[in-house]
Amino acid sequence: MASARSRPKSKIGSDATDEVARLLQSRAGLHPVTPALTRAAERLRDRNLITFQARRYVQCALSEDWDFQHSNRTCSGRLFLSDGLDENGRDYQCGECGRTVFPHRHRKRQFEELSATVLPDGVAEYVLACAGEPRPETLDGVSWAWRISRGVSGVYLCLADYCDHERIMSVQWAQQNPTCFVAVNPRAVERFVKIDWVSKVMLADLLTDRVSLRDVLSKLTSSDEVRALPPLVTAAYNKGPHRPQVLSKREPRSAETFVLQFGPKTVQVNGVEVIAAQGKTILTILRLLAKAFWEDAIRGVAPDGFLCQTPDDLASQLDKRNTAAEPADVDLIRRTINRFQDSAMDRLRRAGVAAERNDIIQTSPDPDSEGYRLNPFTVCIRPLDPLQNPK
């Protein structure tokens, strides 16, 4: 990692605030690709904060395309064009519905999106340079957090997206040790605890000169504000959905128990097939959610505390499983889960099962946080018996 003594490059400018914030959502597919977005991406790349690529794609089902009549008309799958793929070899297959697509032969309309990947080391170098002098000092055994010798006891600087040290990420730590938490992903602001005195800064605000990190650190050094702890001690920042307090009102729950049975290529719920064999993406997502579900159950976690995983969390796991060059699309993951919640509810209701939208995949019960999990109050998991379920 580069030395913190280096000075940050000139600010990007407040006119690019929206574009910068979008680009700091790592792996998100951004469109339309405007000149302003491309300029902002180039500036962030020049500062070693991101890498990016612009990609062209076609939609599996688009009403104005010639092959629309042969498609699953509700499919929202995207197929990215690549010189390494041969449509005559049937290389273009929709990941959503499994249909073979011929982008060039059928002259399908092409779209462009920009995908950026944030570089943590570059972010750290930039933030440390923004902190100024004296030089921030690394902490033994702690990554992505530093101490700055200012005032009587010093102040601390932490990259919230990357630091996983439980003590430093706790409210108790911030109460006793003035700490500025810098968040990279603009959505991370939703993950901070709702306590006024917790100091948080968004990287996009630093880049566009809306906030001075030196001023924030100076204020922390001189502040004599009383930092009262909330009724429930909680993390200052959480990688998953944030729960600063026990929910005072539980959501209505179905009396039904939903038995998920996983097969090699499909999933049934109470004997009803909810995923067809071609639904590869949602099947993989369900398996990831089931893995987290079992881990919490084995550890004896209370149902309210079962992990909710964000689309970013799921994308990271999908990338590890996927040997293809293209990264997982966070927006596609979100849309895939939302479609499954609706379609599973409809299929179960048509089969006479009283189902609600959140009975299988539950959206985070905290309205201020995004995330998904298998519903710990209604779901149980069993293997699919091929003798009883010939499908």
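This talk covers one sheet, one buried glutamate, one helix residue and several salt bridges in a predicted model.

I start with the sheet. It is open, has five strands, and its order is E5-E6-E7-E8-E9, with mixed pairing. Strand E5, residues 137-139, and strand E9, residues 199-202, are the edges, and each of them pairs on one side only. From one strand to the next, the twist averages 30°. As background, strands of a sheet pair through backbone hydrogen bonds, and the pairing is either parallel or antiparallel.

Let us walk across from the E5 side. E5 and E6 are antiparallel and share three bridges. If you want a pair of residues to find on screen, take Thr138, whose bridge partner in E6 is Trp146. These strands form a hairpin with two residues between them. Gly141 sits in that turn and has a positive phi of about 75°.

Next come E6 and E7, which also run antiparallel, in this case over four bridges. Here Ile148 stands opposite Val155 in E7. This hairpin has six residues between the strands, and Gly151 takes a positive phi near 70°.

In which sense do E7 and E8 pair? The sense is parallel, over four bridges, with E7 spanning residues 155-159 and E8 spanning residues 179-183. Cys158 stands opposite Phe181 in E8.

One helix belongs in this picture. Helix H6, residues 213-222, lies across E6, E7, E8 and E9. Relative to E8, helix H6 runs at about 150°.

Now a single residue, Glu87. You will find Glu87 in the loop between strand E3, residues 78-80, and strand E4, residues 111-118. Glu87 is buried, yet it has no salt bridge. How far away is the nearest side chain of opposite charge? That side chain belongs to Arg105 and is 4.3 Å away. A salt bridge is counted within 4 Å, so this pair does not qualify.

What does the side chain of Glu87 reach instead? One of its polar atoms lies 2.8 Å from the backbone nitrogen of His104. The Glu87 side chain also reaches the backbone nitrogen of Arg105, at 2.9 Å. Leaving out residues up to four places away in sequence, Glu87 touches Tyr92, Phe102, Pro103, His104 and Arg105.

The next residue is Ala204, in helix H5, which covers residues 203-207. Ala204 has a relative accessible area of 8%, so it counts as buried. Apart from residues up to four places away in sequence, Ala204 touches Val20, Ala21 and Leu24. Compare sequence and space for Ala204 and Thr17: they are 187 residues apart along the chain, but 6.8 Å apart from C-alpha to C-alpha.

Last topic: salt bridges. Side chains of opposite charge can pair when their charged atoms come close. How many salt bridges does the structure hold? There are 15. I will show three pairs and a network.

The pair I take up now is Asp65 with Lys108, where the closest N and O atoms are 2.9 Å apart. Asp65 is in the loop between strand E2, residues 50-59, and E3, while Lys108 is in the loop between E3 and E4, so the pair ties together parts that are 43 residues apart in sequence. Asp65 is buried, with a relative accessible area of 6%. Lys108 counts as buried too, at 4% relative accessibility.

Then there is Arg299 with Asp296, at 2.8 Å between the closest N and O atoms. Both residues lie in helix H7, residues 280-299, and they are three residues apart, about one turn of the helix. Are the two partners buried or exposed? Arg299 is exposed, with a relative accessible area of 58%, whereas Asp296 is buried, at 5%.

Another pair is Arg357 and Asp342, whose side chains meet at 2.7 Å, N to O. Arg357 is in the loop between helix H9, residues 330-350, and strand E13, residues 361-363, and Asp342 is in helix H9. The two are 15 residues apart, and the pair links distant parts of the chain. Arg357 is partly exposed, with a relative accessible area of 29%, and Asp342 is partly exposed at 33%.

Finally, the network: salt bridges link Arg55, Arg78, Glu113 and Asp329. That is the end of my part.

Conventions: Residues are numbered from 1 along each chain as its sequence is written. This is a predicted model: local features need pLDDT of at least 70, side-chain atom pairs count only at pLDDT 80 or more; totals for chains, interfaces and linings use all residues. Side-chain values use heavy atoms; hydrogens and water are left out. Two strands pair if DSSP finds at least two bridges between them. Axes are lines fitted to C-alpha atoms, for helices over the stretch in contact, and angles run from 0 to 180 degrees between N-to-C directions. Contact means heavy atoms within 4.5 Å. Buried means under 20% relative accessible area, exposed over 50%, partly exposed in between (1.4 Å probe, protein chains only). Lys and Arg count as positive and Asp and Glu as negative; His and the chain ends are not counted. A polar contact is a pair of N or O atoms within 3.5 Å; within protein, one must be able to donate a hydrogen and the other to accept it, and residues adjacent in sequence count only if both atoms are side-chain atoms.
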